Amino acid sequence: AAKEAGRGTSRLFSPDLETRMQERVRLEERLRSALAREDGLFVFYQPIVDLQSGQVTSREALARWHHAEQGWISPGRFVPVAEQCGLIDQLGAFVLNRACQSAAQWADEAHVAVNVSATQLGKGTLIDVVSAALSSSGLPAERLEIEVTETALLADEHRGIQDLLALREMGVRVSLDDFGTGYSSLAHLRTFSFDKIKIDGSFVRDALERPECAAVVRAIADLGKRLGVRIVAEGVETEDQLALVRAEGCREVQGYLYGRPAPADTDAPLVARLNRRR
Ligand code: C2E
Ligand code: MG
Ligand code: MG
Ligand code: MG
C-alpha cells in the first residue's frame with residue numbers, strides 16, 4: 001500500500017522520504033494517545049553514586065515507551081517527536097509527576113533527577129508543573145534535580161535562565177547535562193551557577209583509548225573543583241573507566257557498572273510481562 005501511494009502521489013519526495021514521514025505521523029498519533037491514556041509510558045530510574053560515601057545520592061528519571069507493535073522505543077527517538085509535535089509539555093508533566101511520586105516513597109531519601117527539554121523552558125509554565133508535582137507528591141523541593149542541556153539554553157538564554165532561577169528559588173537543584181557536547185559551554189557556566197555538571201558519557205566511554213577524551217574528563221573535573229560544583233561522570237560501564245574518572249577527580253558516577261535504568265517496583269511486573277511478549 002505504501003508503494004502504491006508512493007507511485008501516484010510523490011512528486012517532490014522520494015518514496016523513501018514519504019514512507020518515513022508516514023511512519024513519523026503514525027508514531028506521533030500513537031504517542032499522543034499513549035499520553036492521553038497514560039498507557040505504555042513508564043519512568044525508569046538509574047542510580048547516581050557518590051564516590052566518597054559509596055551511597056546512591058540520586059536517581060535519574062528516564063522516560064520509556066512501549067509501543068503496542070514496535071515494542072520499546074528509545075527516548076532518543078520519541079523525545080524529539082514529542083518536542084516537534086507539541087507533546088513535550090505533556091510528556092514532561094507525566095515524567096515529573098511520576099518521578100516525584102516515586103521518589104517520595106524511597107526509603108533512602110535519594111534525590112530524583114528529571115530531564116527537561118529546551119522547548120519546556122522559557123515559557124513560564126515549567127514552574128507551575130514542578131510546583132504541582134512537588135505538592136501532590138509531598139516530595140521536598142530539595143530532593144528534586146532538574147537536568148538541562150546547553151542546547152536548552154541556546155534557544156532563548158535569558159528566559160531559560162529566568163526559569164532556572166525560579167526553580168532555584170523554590171529549592172530545586174539544577175544540573176547541566178551532557179556537558180562537553182554542545183558549544184559555548186563555558187559561557188553558560190557564567191550565566192548560571194549549576195549545582196552539578198554531568199560529563200557526557202561519550203567522553204567516559206572513550207577515555208581509556210583516547211587521551212584527548214581523558215583530558216576532557218580531567219579538565220571538567222578541575223573546573224568543578226575551582227567552581228565548587230559537583231561533577232558527575234555519565235556512562236561508566238567498567239571498573240577501568242571507574243578508576244579513571246575517580247583518579248581524574250569526578251565526585252559522582254552513573255552508568256551500567258552501578259545499575260541500568262529500571263522500572264519502579266510498582267511497574268516491574270507489567271514491564272516484565274511486556275518484555276516476555278517481545
Ligand atoms: P541523558 O539525560 O544524558 O541520560 C543518560 C542516558 O545514558 C540514558 O539514555 C541512559 O540510559 C544512558 N546510560 C546510562 N548509563 C549508561 C552506560 O553505562 N552506558 C550507556 N551506553 N548508556 C548509559 P536513555 O534513557 O536512552 O535516554 C537518552 C536521552 O533521552 C537522555 O539522555 C535525555 O536527553 C533524553 N530523555 C530521557 N528521558 C527524558 C525525559 O523524560 N524528558 C526529556 N526531555 N528527555 C528525556
Ligand atoms: Mg539527563
Ligand atoms: Mg546526559
Ligand atoms: Mg543525553
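Which backbone N or O atom lies 3.1 Å from a nitrogen atom of ligand 1? I looked this up first and found that the atom belongs to alanine 63. I note here that the model is predicted.

**Entry: ligand 1**

I listed the surroundings of ligand 1 and got 21 residues. The closest are Arg64, Ser117, Asp177, Glu237 and Tyr256. I then went through polar contacts. Glutamine 46 places a polar side-chain atom 3.0 Å from a nitrogen atom of ligand 1. Aspartate 177 has a polar side-chain atom 2.9 Å from an oxygen atom of the ligand. With the backbone of alanine 63 at 3.1 Å from a ligand nitrogen, I had three contacts written down.

**Entry: magnesium ion, ligand 2**

I looked up the donors of the magnesium ion (ligand 2). They are Glu60 (OE), Asn115 (OD1), Glu147 (OE) and Asp177 (OD), at 2.0 to 2.2 Å. I wrote their spacing in sequence as E-x54-N-x31-E-x29-D. Asparagine 115 sits in strand 4 and aspartate 177 in strand 6, so this pair ties together parts that are 62 residues apart in sequence. I checked accessibility for both. Asparagine 115 is partly exposed at 29% relative accessibility, whereas aspartate 177 has a relative accessible area of 5% and is buried.

**Entry: magnesium ion, ligand 3**

I repeated the search for the magnesium ion (ligand 3). Its coordination comes from Asp177 (OD), Asp178 (OD) and Glu234, the last entered twice through OE, at 2.0 to 2.3 Å. The donor residues follow the spacing D-D-x55-E. Aspartate 178 belongs to strand 6 (residues 173-179), and glutamate 234 to the loop between strand 8 (230-233) and helix 11 (239-248), so the two tie together parts that are 56 residues apart in sequence. Are these two residues buried or partly exposed? Aspartate 178 is partly exposed, with a relative accessible area of 25%. Glutamate 234 is at 11% and counts as buried, because the cut-off for buried is under 20%.

**Entry: the two ions together**

How far apart are the magnesium ions (ligand 2 and ligand 3)? I found 4.0 Å, with aspartate 177 coordinating both. Aspartate 177 had already come up in my list for ligand 1, through its contact with a ligand oxygen atom.

**Entry: largest pocket**

I turned to the pockets. The largest holds about 1,000 Å³ of space. I counted 39 lining residues, and those nearest its centre are Glu60, Leu62, Asn115, Asp177 and Asp178. Among these I recognised Glu60, Asn115 and Asp177 as donors to the magnesium ion (ligand 2), and Asp177 and Asp178 as donors to the magnesium ion (ligand 3). The elements that each supply at least two lining residues include strand 2 (56-67), helix 3 (75-84), helix 4 (88-105), strand 4 (111-115) and strand 5 (144-149). Helix 6 (150-154), strand 6 and helix 9 (201-206) do so as well. By type, I noted 16 nonpolar, 13 polar and 10 charged residues in the lining.

**Entry: second largest pocket**

The second largest pocket has about 390 Å³ of space. It is lined by 15 residues, with Tyr45, Ser102, Trp106, Ala264 and Asp265 nearest its centre. Which element gives the largest share of this lining? I found helix 4, with four residues. Strand 1 (41-50) and strand 10 (262-263) also supply at least two residues each. I divided the lining into seven nonpolar, four polar and four charged residues.

Methods
Residues are numbered from 1 along each chain as its sequence is written. Chains are lettered from A and ligands numbered from 1 in the order in which they are written. This is a predicted model: local features need pLDDT of at least 70, side-chain atom pairs count only at pLDDT 80 or more; totals for chains, interfaces and linings use all residues. Side-chain values use heavy atoms; hydrogens and water are left out. Donors are N, O and S atoms within 2.8 Å of the metal (3.2 Å for Na, K and Ca); water is not among the atoms, so sites may look incomplete. Buried means under 20% relative accessible area, exposed over 50%, partly exposed in between (1.4 Å probe, protein chains only). On a 1 Å grid over the protein atoms alone, a cavity is a set of points where a 1.4 Å probe fits but cannot get out, and a pocket is an open set with protein on both sides within 12 Å along at least five of seven lines; lining residues have an atom within 4 Å of a point. Grid points are joined across faces, edges and corners, and a volume is the space filled by probe spheres set on the points. Ala, Val, Leu, Ile, Met, Phe, Trp, Tyr, Cys and Pro count as nonpolar, Asp, Glu, Lys and Arg as charged, and the others, Gly among them, as polar. A residue is near a molecule or strand if one of its heavy atoms lies within 4 Å of it. A polar contact is a pair of N or O atoms within 3.5 Å; within protein, one must be able to donate a hydrogen and the other to accept it, and residues adjacent in sequence count only if both atoms are side-chain atoms.
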